[in-house]
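Subject: Structure handover

Hello,

Here is the structure I said I would pass on. My notes on it follow below; please read them with the coordinates open.

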Amino acid sequence: MSEELEKLKSLGAQKIYEDTHIPVLHVQAILYSSFDSLQRVQFLGFISILEREYHVDLSSLKASGTAYFDDLDAQKLDESLVVIPNKRKQKGSTYFVIFIVLVMMVIIYNLGDFNEEGIEEPKVDNVLIQKVQESIKPLEEANTTIDVNSTINVTSTQDIVLEEEELKEVQKLPQSFKIRAKSKVWFGYIDVATNKKNQKTFKGEIDLDPTKKWLLIFGHGYIDMFIDGKKVEINSRDNIRYLYENGSVKAITIDEFKKLNRGSKW
């Protein structure tokens, strides 16, 4: 892992930002294992981008970061479970008070029971008290029983959905298609859908619509192409032809070019 990290460190956080669009502060946090400034989904997404961009194996760093976030999640879970006994105790006390009040009401009712011959001896209706107890008990059990496993499973499912959505956002880079000529070159480009042709001689950069299908022809091949920020370097002194489609580019023959260009070399 140290050799892979040293390779990335030698590039520098600024260069990695220019190549991958990962913020400089996050690049530094990853290179120096400072995970406290990152979220799990950010960390996993950035590791994936770095491995793809620079063809390095960061599995050890990924495991280290994952262990850090697992430990952090475990601490948060422990803190949330501490509250559960207090809630149960509070709810149990509330229903106990309700039960006492109902019993007192029964006793007072019986104390107020008079007939024509005078005051009867106070009597407590045991049957009524039993019915009250039976009606209170299911309510108390239903409201004080907490399924800890169920709570954990629901929370975990929500976390997984959130991580997948955030990971997609992290990995989704803006589409772009840019051509940079290292020296002056003749350049022809054709919109395959409409067969509209354009040509120019230039040095520097040209941006093309990344959502279209393009036929490209160059007077020489000393150029670089940047597809969604990823560099494709070409070095050839001969005329070259390429097809760009769906975020990828490939060299094609004259016959393939003519077939896509309605039988014409240009």
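Asp 224 sits in strand β6, which spans residues 223–227. The model is a predicted one, and in it Asp 224 has a relative accessibility of 4%, so this residue counts as buried, the limit being under 20%. Which residues does Asp 224 contact, leaving aside its neighbours within four places in sequence? They are Lys 178, Ile 179, Arg 180, Lys 182, Lys 231, Val 232, Glu 233 and Ile 234.

Strand β6 is followed by a loop that leads to β7, and Asp 228 lies in that loop. Phi of Asp 228 is near 55 degrees, a positive value in a residue other than glycine. Most residues other than glycine have a negative phi. Asp 228 is partly exposed, at 26% relative accessibility.

The second largest pocket

The volume of the second largest pocket is about 400 Å³. Its lining is made up of 15 residues, and those closest to the centre of the pocket are Asp 19, Phe 226, Gly 229, Lys 230 and Lys 231. One of these, Lys 231, is also among the contacts of Asp 224.

Four elements each supply at least two residues of this lining: α2 (13–20), α4 (40–54), β3 (177–191) and β7 (230–234). The largest share comes from α2, with 3 residues. By residue type, the lining of the second largest pocket divides into 8 charged, 4 polar and 3 nonpolar residues.

The N-terminal helices

Helix α2 has Ala 13, Ile 16, Asp 19 and Thr 20 as buried residues. Seen down the axis of α2, the buried residues fall within an arc of 125 degrees, so they line one face of the helix. Asp 19 thus appears twice in these notes: as a buried residue of α2, and as one of the residues closest to the centre of the second largest pocket.

Just after α2 comes His 21, with a positive phi of about 70 degrees. His 21 belongs to the loop between α2 and α3. Is His 21 buried or partly exposed? His 21 is partly exposed, with a relative accessible area of 46%.

In helix α3, which covers residues 24–31, the buried residues are His 26, Val 27, Ala 29, Ile 30 and Leu 31. Just after α3, Ser 33 also takes a positive phi, here of about 55 degrees.

Lys 9 is placed in helix α1, residues 2–11. Its relative accessible area of 28% makes Lys 9 partly exposed. Leaving aside neighbours within four places in sequence, Lys 9 is in contact with Leu 31 and Tyr 32. Lys 9 and Gln 28 are 19 residues apart in sequence, and their C-alpha atoms are 8.8 Å apart in space.

Helix α5

Two residues of helix α5 (residues 59–81) are worth listing, and Ala 63 is one of them. Ala 63 is partly exposed, with a relative accessible area of 46%. Its C-alpha atom and that of Leu 44 are separated by 10.0 Å, with the two residues 19 apart along the chain.

Leu 61 lies in helix α5 as well. How much relative accessible area does Leu 61 have? The value is 1%, and Leu 61 is buried. Between the C-alpha atoms of Leu 61 and Leu 31 the distance is 9.0 Å, for a separation of 30 residues in sequence. Leu 31 is the residue of α3 that was listed above as buried and as a contact of Lys 9.

The protein as a whole

The secondary structure comes to 9 helices and 9 strands. The protein has 266 residues, of which 29% count as buried. Among contacts with a separation of 6 or more, 55% are between residues 24 or more positions apart. The accessible surface of the protein is about 17500 Å², and carbon and sulfur atoms account for 52% of that surface.

Regards

Terms used. Residues numbered from 1 in each chain as written. Predicted model: local features only at pLDDT ≥ 70, side-chain atom pairs only at ≥ 80, totals over all residues. Heavy atoms only, no water. 1 Å grid on protein atoms, 1.4 Å probe; cavity = no way out; pocket = protein on both sides within 12 Å on 5 of 7 lines; lining within 4 Å. Points joined across faces, edges and corners; volume = space filled by probe spheres on them. Nonpolar A, V, L, I, M, F, W, Y, C, P; charged D, E, K, R; others polar. Buried < 20%, exposed > 50% of the residue type's maximum accessible area, 1.4 Å probe, protein only. Arc of directions from axis to C-beta. Contact = heavy atoms within 4.5 Å. Areas by Shrake-Rupley, 256 points an atom, 1.4 Å probe, with all protein chains shown as cover.
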